Amino acid sequence: MNEAAAVDTRAKLIARAEGYQSSEPSFARFLKAVAEATDPEDLAMHPADQLEATFRKSYGRLGKRELASHNVYVVPPELPGGLEIVEVFSADMPFIVDSVLAAIRARGGVIRFITHPVLQFDPATYRVLEVPAPGSRLESFLHVEIDPLADIVQREALKGEIDDTLTDVG
């Protein structure tokens, strides 16, 4: 993918995020954070509308961990030949990216796409904030796309590996 296309995809996502500022400010901040945290070459692998749809689903899982130290999701491909999605929501902590990627590789996962924005999050309202506020926290969102896994058994094993790794790191 050429550099202009990569920058263009990022610009489109940021423009989309700005378009949601008045109607969905929390999602707008989430989408902008994802776009800014992702390597432009990775963003260029997918059309902007597809990325927005994917990250809207991710946004729907934000805040679901409540008091748990982390939540791990392994989502099968929506279409044949599509990529598996691994998502981790966690309190921000050192080594989270390296630890999760190592767990994925330990289970034979082939990584194709990664983003890791750290969000200012209000757990009381489930909103992404622009600046820290009383009761807010830094929420780590790690989204990794990998080659499809063979079946639900491998999916559950991967989820368990990541869960165990994050418990050890935490």
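Here's a short chat about two helix pairs and one arginine in a predicted model.

Student: Is arginine 29 buried or exposed?
Tutor: Start with where it is: arginine 29 lies in helix H2, residues 25–37. Its relative accessibility comes out at 18%, and the cut-off for buried is under 20%. So arginine 29 counts as buried.

Student: Which backbone oxygen does the side chain of arginine 29 reach?
Tutor: Look first at what arginine 29 touches, leaving out residues up to four places away in sequence: Gln21, Val128, Leu129 and Glu130. The side chain gets to a backbone oxygen at 2.6 Å. That oxygen belongs to valine 128.

Student: H2 also packs on H4, so what do we call the angle between them?
Tutor: Helix H4 covers residues 48–61, and its axis sits 10 Å from that of H2, at an angle of about 120°. Roughly perpendicular stops at 115 degrees and roughly antiparallel needs over 145. That makes the pair oblique.

Student: How many charged residues are in the contact of H2 with H4?
Tutor: On the H2 side you've got Ser26, Phe27, Phe30, Leu31 and Val34, and these meet Glu52, Phe55, Arg56, Ser58 and Tyr59 in H4. The split is 6 nonpolar and 2 polar, with the charged ones numbering 2.

Student: What about H5 and H6: how many nonpolar residues does their contact have?
Tutor: H5 (residues 96–106) and H6 (residues 152–169) pack at about 145°, axes 9 Å apart, in a right-handed crossing. Among the residues meeting there are Ile96 and Val100 from H5, and Leu158 and Glu161 from H6. Polar residues number 2, charged 1, and nonpolar 9.

Notes:
Residues numbered from 1 in each chain as written. Predicted model: local features only at pLDDT ≥ 70, side-chain atom pairs only at ≥ 80, totals over all residues. Heavy atoms only, no water. Axes fitted to C-alpha atoms, helices over the stretch in contact; angles between N-to-C directions. Helix = DSSP H or I, 4+ residues; strand = E, 2+ residues; numbered from the N terminus. Left-handed = near helix turned anticlockwise from the far one by under 90°. Contact = heavy atoms within 4.5 Å. Nonpolar A, V, L, I, M, F, W, Y, C, P; charged D, E, K, R; others polar. Buried < 20%, exposed > 50% of the residue type's maximum accessible area, 1.4 Å probe, protein only. Polar contact = N/O pair within 3.5 Å; in protein donor to acceptor, adjacent residues only side chain to side chain. Parallel < 35°, antiparallel > 145°, perpendicular 65-115°, else oblique.
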